[in-house]
Amino acid sequence: MKTILLLAGRELRAFFDTAWGWTILAMVLVLDGLMFNAFALGTRERYSADVLADFFYLSAGTTMIAGILLTMRLIAEERQTGTLVLLQTAPIRAADIVLGKFLGAFGFLTVLTLLTVYMPALIFVHGKVSIAQIAVGYAGVLSLGAATIAVGTFATSMARNQLVAAIAGAGLIVFLLLGWLIGQMTEPPLSGVFSYVALFDRHYQPFMKGRLNTESVVYYLSISFAFLLLAIRTLQLRRLR
């Protein structure tokens with residue numbers, strides 16, 4: 001556990017010490033702010049709950065983009081620069097490397113996400129929502145973010161460079177997002193399987209509306225676990241070569 005935390009701290013500091021991390025942070029905050037003002041608040045009167053739901057809807061997109069951008073360099077960059085060999089030849093398990101890098105990226109994404117809290121707080125100026133609704137919405141954003149980072153970690157564990165890692169990660173995310181559409185085009189029982197696998201439609205929307213759904217929490221934990229396990233296995237296989 002100590003090794004995992006050391007690697008996580010190293011990755012987290014790397015994001016704050018490089019222009020790449022600050023660029024992603026600034027980009028997400030600017031996009032969230034612009035879209036919140038243009039689409040969530042809008043120019044007409046709306047129910048506060050609808051404004052909050054739209055904010056979390058828009059945040060889902062920027063969170064997934066940020067997750068892919070953060071993870072594209074985690075392992076692929078180490079492979080490009082040759083430093084991955086040092087990690088793999090050190091007395092460190094593949095699981096420690098993957099989990100450490102995952103936690104570092106997720107920690108940075110958590111900081112980034114919490115910096116947007118002033119936006120739903122603005123709803124209190126002319127409207128009223130409960131703190132519980134906001135908390136549940138952020139739980140959904142972070143759950144989606146964790147799943148995206150896990151997918152991106154798997155992609156970067158396979159890729160030889162950062163661009164390939166970004167493309168592979170984005171492709172996997174798009175496939176998972178389109179699960180609901182594939183489910184509508186197939187017959188049972190496959191339709192039920194694809195609908196359940198969909199990253200957004202069935203599992204994220206309850207969070208947007210302030211409903212904490214146990215099934216959705218289990219789903220995001222399962223997706224994160226599955227892709228982290230795949231990333232660990234990928235590194236183990238590469239180490240044996």
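With 241 residues, a compact globule would be expected to have a radius of gyration near 18 Å, and the protein chain, at 19 Å, agrees with that expectation. The model is a predicted one, and every value below is computed from it. The protein chain holds 14 helices and zero strands, and the points that follow move from the chain as a whole to its core, its empty spaces and a few single residues.

**The chain as a whole**

- Read along the sequence, the elements of the protein chain follow the pattern α-α-α-α-α-α-α-α-α-α-α-α-α-α, in keeping with the count of 14 helices and zero strands.
- The C-alpha trace of the protein chain spans about 60 × 50 × 30 Å along its principal axes.
- Of the 241 residues of the protein chain, 47% count as buried.
- When contacts with a separation of 6 or more are considered, 74% of those in the protein chain join residues that lie 24 or more positions apart.

**The nonpolar core**

- The largest nonpolar core has 65 residues, and the members that touch the most other members are Phe56, Leu199, Tyr204 and Tyr220.
- At least two residues of this core come from each of H1, H2, H3, H6, H9, helix H10 (162–177), helix H13 (201–208) and helix H14 (214–240).
- Leaving aside neighbours within four places in sequence, Tyr220 is in contact with Ser143, Leu144, Ala147, Leu199, His203, Tyr204 and Phe207; Leu199 and Tyr204 are thus named both as contacts of Tyr220 and among the core residues that touch the most other members.

**The enclosed cavity**

- The count comes to one cavity of 30 Å³ or more, and about 60 Å³ of space lies in the largest cavity.
- The elements that each give two or more residues to the lining of the largest cavity are helix H2 (19–41), helix H3 (48–71), helix H6 (94–114) and helix H9 (131–158), with H3 giving the most, namely three residues.
- The residues that line the largest cavity are Val28, Asp32, Phe55, Ser59, Thr63, Leu112, Thr113, Thr116, Tyr138 and Val141, and by class this lining has five nonpolar, four polar and one charged residues.

**The open pocket**

- The largest pocket has a volume of about 220 Å³, and it is lined by Leu41, Arg44, Glu45, Arg46, Ser48, Val51, Leu122, Ile123, His126 and Gly127.
- Two elements, H3 and helix H8 (123–126), each supply at least two residues of the lining of the largest pocket.
- Sorted by class, the lining of the largest pocket has four nonpolar, three polar and three charged residues.

**Two buried residues**

- Glu11 is found in helix H1 (residues 2–17), and it counts as buried because its relative accessibility is 2%, which lies under the 20% cut-off for that label.
- Not counting residues up to four places away in sequence, Glu11 touches Arg73, Leu74, Glu78, Gly100, Lys101 and Gly104.
- Leu25 has its place in helix H2, and with a relative accessibility of 8% it also counts as buried.
- Leaving aside neighbours within four places in sequence, Leu25 is in contact with Phe108, Leu112 and Leu115, of which Leu112 is also named in the lining of the largest cavity.
- Although Leu25 and Leu109 are 84 residues apart in sequence, their C-alpha atoms are 8.5 Å apart in space.

Conventions: Residues are numbered from 1 along each chain as its sequence is written. This is a predicted model: local features need pLDDT of at least 70, side-chain atom pairs count only at pLDDT 80 or more; totals for chains, interfaces and linings use all residues. Side-chain values use heavy atoms; hydrogens and water are left out. Helices (H or I, at least four residues) and strands (E, at least two) are DSSP runs, numbered from the N terminus. Buried means under 20% relative accessible area, exposed over 50%, partly exposed in between (1.4 Å probe, protein chains only). Contact means heavy atoms within 4.5 Å. On a 1 Å grid over the protein atoms alone, a cavity is a set of points where a 1.4 Å probe fits but cannot get out, and a pocket is an open set with protein on both sides within 12 Å along at least five of seven lines; lining residues have an atom within 4 Å of a point. Grid points are joined across faces, edges and corners, and a volume is the space filled by probe spheres set on the points. Ala, Val, Leu, Ile, Met, Phe, Trp, Tyr, Cys and Pro count as nonpolar, Asp, Glu, Lys and Arg as charged, and the others, Gly among them, as polar. A nonpolar core is a set of buried Ala, Val, Leu, Ile, Met, Phe, Trp, Tyr and Cys residues joined through side-chain atoms within 4.5 Å. The radius of gyration is taken over C-alpha atoms; the globule rule is 2.2 Å times the number of residues to the power 0.38.
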